[in-house]
Amino acid sequence: MTNAPHNAAAPHNAAAPHNAAAPNNPAARGNAADSAPDTAAFPPETIAALETIAHTPKLLVALDFDGTLSPLHDAPMEARSTPEGVAAVAALAALPNTVVAFVSGRSMNDLRIIAEHAEDSPVYLAGSHGAEVRPPEGFEPAVGAEITSAEAESDAAAEEALRDELYEAAVSQFSAVPGAWIEPKRFGFGVHVRLASPADGEAVMAGTDALVAERAPHWRRRTGKNIVEYAFRHEGKDTALAALREQTGATAVFFAGDDVTDEDALRTLGAGDLGVRVGGGESVAKVHVSDPEALAQLLDVLVRLRATSQS
Ligand SMILES: [Mg+2]
């Protein structure tokens with residue numbers, strides 16, 4: 001998948017691709033405040049929290065994608081990270097003792113497309129809430145840790161047949177409702193009502209709830225912003241983050257997300273970790289930022305603090 005249309009929209013990026021920046025050498029980075037982090041945009045307690053986590057021996061930076069690195073998009077496959085987010089992620093991933101992971105509800109296939117993930121990318125991908133994982137080339141799990149594969153399930157075939165049946169049933173019953181979209185997913189299906197009227201949205205969700213309750217009561221149900229999702233795999237972002245923490249041997253975790261499913265991960269964070277909520281809504285996160293642009297700025301501060309601590 002080409003990334004040309006996205007990068008073409010980044011005005012400061014026409015001459016040099018983000019990846020050409022040398023994150024270990026702040027002077028080589030293209031941003032305005034090269035020598036010191038741009039801390040003015042954040043409260044002092046946020047900067048203090050970033051400073052603490054930047055000094056951890058082994059840092060895991062785990063990020064949701066939609067609504068966190070990328071603004072939410074009416075056409076889901078057109079979601080892309082902000083250019084500033086792309087730059088911050090590349091810079092973090094290039095630092096020593098620092099692993100960046102995307103932890104998304106998207107299927108691996110879709111996540112690779114929207115994240116514009118190159119074969120040799122250093123970013124660790126966890127799709128389908130962690131039920132599908134793709135470590136970067138050459139990734140060595142920490143001692144004692146295992147990378148579990150989604151393909152190992154023994155009863156997958158029966159569940160896949162049920163998935164196809166329920167997807168077809170949901171499409172035939174609800175896809176004619178204006179603004180409703182039934183999304184086929186690797187381990188189930190999703191129901192999107194972002195573009196439907198509130199009454200239609202509620203009716204469709206009640207209908208698919210009833211369908212799944214009757215025929216697949218053992219499936220996991222998750223809700224998000226104008227979406228409900230049903231899956232035969234029960235992994236959540238909590239288990240995804242726990243697995244990443246173990247595999248990377250991280251001594252501290254930075255996690256950012258914008259939605260209900262991200263709260264599962266945020267609730268697992270300990271005293272030495274740092275959780276960030278992007279956008280509004282109830283959250284257990286310590287730090288709140290307004291949108292993906294603000295998160296990219298926060299990540300940029302983390303890049304600079306981490307680069308200093310690792311040099
Ligand atoms: Mg999200």
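Me: Which elements make a right-handed β-α-β unit with β1?

Reply: In this predicted model, strand β1 (residues 59–63), helix α3 (residues 83–93) and strand β2 (residues 98–103) make a right-handed β-α-β unit. To read such a unit, follow the chain from one strand over the helix to the next strand and note the sense of the turn. A second right-handed unit is made by β2, helix α4 (residues 108–114) and strand β3 (residues 124–127).

Me: In what sense do β1 and β2 pair, and over how many bridges?

Reply: Their pairing is parallel and runs over five bridges. For one pair of partners, take Val 61, whose bridge partner in β2 is Val 100. On to β3: β2 and β3 also run parallel, joined by three bridges. There, Phe 102 has Leu 125 of β3 as its bridge partner.

Me: How should I read the two faces of a strand such as β2, and are they covered or open?

Reply: Side chains in a regular strand point alternately to one face of the sheet and to the other. In β2, Thr 98, Val 100 and Phe 102 lie on one side, and Val 99, Ala 101 and Val 103 on the other. Both faces are covered, with these residues all buried. That makes six buried residues out of six in β2.

Me: How many residues of α3 are buried, and what covers them?

Reply: Nine of the eleven residues of α3 are buried. Among them are Glu 84, Gly 85, Val 86 and Leu 92. The cover includes β1, β2 and helix α9 (292–309).

Me: Which residues of the largest nonpolar core touch the most other members?

Reply: To read a core, look for buried nonpolar residues that are joined to one another. The largest one here has 58 residues, and Ala 62, Leu 92, Ala 101 and Phe 102 touch the most other members. Helix α9 gives the most to this core, with eight residues. Another core, of 19 residues, lies apart from it and includes Ala 131, Phe 189, Val 193 and Ala 196.

Me: Which residues is Ala 101 in contact with, beyond its neighbours in sequence?

Reply: Leaving aside neighbours within four places in sequence, Ala 101 is in contact with Leu 60, Ala 62, Val 123, Tyr 124, Ala 126 and Leu 244.

Me: Where is Asn 97, and what is its phi?

Reply: Asn 97 lies in the loop between α3 and β2. Its phi is near 55°, a positive value in a residue other than glycine. Ser 128 also has a positive phi, near 45°, and is likewise a residue other than glycine. The place of Ser 128 is the loop between β3 and β4.

Me: Why does Ser 128 count as buried?

Reply: The way to decide is to count C-beta neighbours: a residue is buried if 20 or more other C-beta atoms lie within 10 Å of its own. Ser 128 counts as buried because it has 25 C-beta neighbours inside 10 Å. Asn 97 has 15 other C-beta atoms within 10 Å, so it is partly exposed. Phe 139, in the loop between β4 (132–134) and α5 (156–174), is partly exposed because 13 other C-beta atoms lie within 10 Å.

Me: How far apart in sequence and in space are Phe 139 and Thr 248?

Reply: Phe 139 and Thr 248 are 109 residues apart in sequence and 8.9 Å apart in space, taken from C-alpha to C-alpha.

Me: In what order do the strands of the antiparallel sheet stand?

Reply: To read an open sheet, list its strands from one edge to the other. Here four strands stand in the order β5-β6-β8-β7, with antiparallel pairing. The edge strands, β5 (181–185) and β7 (220–224), each pair on one side only. On average, neighbouring strands of this sheet are turned by 15° against each other, direction ignored. Helix α5 packs on the sheet, where it touches β5 and β6, and its direction makes about 20° with that of β6.

Me: How many bridges join β6 to β8?

Reply: Five bridges join β6 (residues 188–192) to β8 (residues 227–231), and the two strands run antiparallel. Val 191, for example, has Val 228 of β8 as its bridge partner.

Me: Where does pLDDT stay under 50?

Reply: It stays under 50 over residues 1–33, for which the model has 36 contacts beyond four places in sequence. Predicted coordinates should not be read in detail where pLDDT is low. For the protein, the average pLDDT is 88, and 86% of the residues score at least 70.

Methods:
Residues are numbered from 1 along each chain as its sequence is written. This is a predicted model: local features need pLDDT of at least 70, side-chain atom pairs count only at pLDDT 80 or more; totals for chains, interfaces and linings use all residues. A residue is buried if 20 or more other C-beta atoms lie within 10 Å of its own, exposed if 12 or fewer, and partly exposed in between; C-beta atoms are placed from the backbone. Two strands pair if DSSP finds at least two bridges between them. Two residues are in contact if their C-beta atoms, placed from the backbone, lie within 7 Å. A nonpolar core is a set of buried Ala, Val, Leu, Ile, Met, Phe, Trp, Tyr and Cys residues joined through C-beta atoms within 7 Å. pLDDT is the predictor's confidence in each residue, from 0 to 100. Axes are lines fitted to C-alpha atoms, for helices over the stretch in contact, and angles run from 0 to 180 degrees between N-to-C directions.
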